[in-house]
Amino acid sequence: MTQTIHIAPRLIVPDPDHASAFYQDALGAEQVFRAPLGDDGRPAMIDHRIGDSSFQLSPAVTAWGWLSPSDLGGSAVLLEIEVADPDAVGERMLAHGAEVVIPIENRPYGKRSGRIRDPFGHLWIITGELR
């Protein structure tokens, strides 16, 4: 029996709506589902798709152990996204408030890649083919 498994990271952020707008604008993510937390309209979870991959956003809720990178003093996870044009994706992320950790450039292991910290503290490896 073959089992299909799909892992979808849930990124904890201070403001899921603001983060959702960033990922849509910077990465081309599509918002596919939004679950409200309560009467205040704040989301408990926002589900996104980029190509065949998905990820979710949720607010930081200390009582539940949902801590954002700023609560932890940094990100404990690296998210890697392989794209046709890493430079263009990196530039869009920077234009929307991200910062360069490691510049995107050709690497000796045969990829063009670099590391970007998004405005919410999550670390992204942006990678693609050499140019």
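Pro43 is buried, with a relative accessible area of 1%. In this predicted model, the residue belongs to strand S3, which spans residues 43-50. Beyond the residues up to four places away in sequence, Pro43 touches Pro16, Asp17, Arg34, Ala35, Pro36, Leu37 and Pro59. Two of the elements described below are represented in this list: Pro16 and Asp17 fall within helix H1 (16-27), and Pro59 falls within strand S4 (53-59). Leu27, by contrast, is separated from Pro43 by 16 residues in sequence and by 20 Å in space, taken from C-alpha to C-alpha.

The fold that surrounds this residue comprises 3 helices and 8 strands. Read from the N terminus, the order of elements is β-α-β-β-β-α-β-α-β-β-β. Contacts between residues 24 or more positions apart account for 48% of those with a separation of 6 or more. Buried residues, defined by a relative accessible area under 20%, constitute 40% of the 131 residues of the protein.

The largest nonpolar core contains 22 residues, of which Tyr23, Leu57, Met93, Trp124 and Ile126 touch the most other members. At least two residues of this core are supplied by each of strand S1 (10-13), helix H1 (16-27), strand S4 (53-59), strand S5 (78-82), helix H3 (86-95) and strand S8 (123-128). The greatest contribution to the core is that of H1, with 5 residues. The surroundings of Trp124 illustrate how these elements meet. With neighbours within four places in sequence left aside, Trp124 is in contact with Leu11, Tyr23, Leu27, Leu79, Ile81, Met93, Gly114, Arg115, Ile116 and Asp118. Among these partners, Leu11 lies in the range of S1, Tyr23 and Leu27 in that of H1, Leu79 and Ile81 in that of S5, and Met93 in that of H3. Leu27 is thus a contact of Trp124, whereas its C-alpha atom lies 20 Å from that of Pro43.

As regards overall dimensions, the radius of gyration of the protein is 15 Å, which agrees with the value near 14 Å that a compact globule of 131 residues would have. Along the principal axes, the C-alpha atoms fill a box of roughly 50 × 45 × 25 Å. The accessible surface amounts to about 7600 Å², and carbon and sulfur atoms hold 51% of this area. The protein carries 11 positive and 18 negative charges, and the mean positions of the two sets are 4 Å apart.

Definitions and conventions
Residues numbered from 1 in each chain as written. Predicted model: local features only at pLDDT ≥ 70, side-chain atom pairs only at ≥ 80, totals over all residues. Heavy atoms only, no water. Helix = DSSP H or I, 4+ residues; strand = E, 2+ residues; numbered from the N terminus. Rg over C-alpha atoms; globule rule 2.2 N^0.38 Å. Buried < 20%, exposed > 50% of the residue type's maximum accessible area, 1.4 Å probe, protein only. Contact = heavy atoms within 4.5 Å. Areas by Shrake-Rupley, 256 points an atom, 1.4 Å probe, with all protein chains shown as cover. Lys, Arg positive; Asp, Glu negative; His and termini not counted. Charge placed at Lys NZ, Arg CZ, Asp CG, Glu CD. Core = buried A, V, L, I, M, F, W, Y, C linked by side-chain atoms within 4.5 Å.
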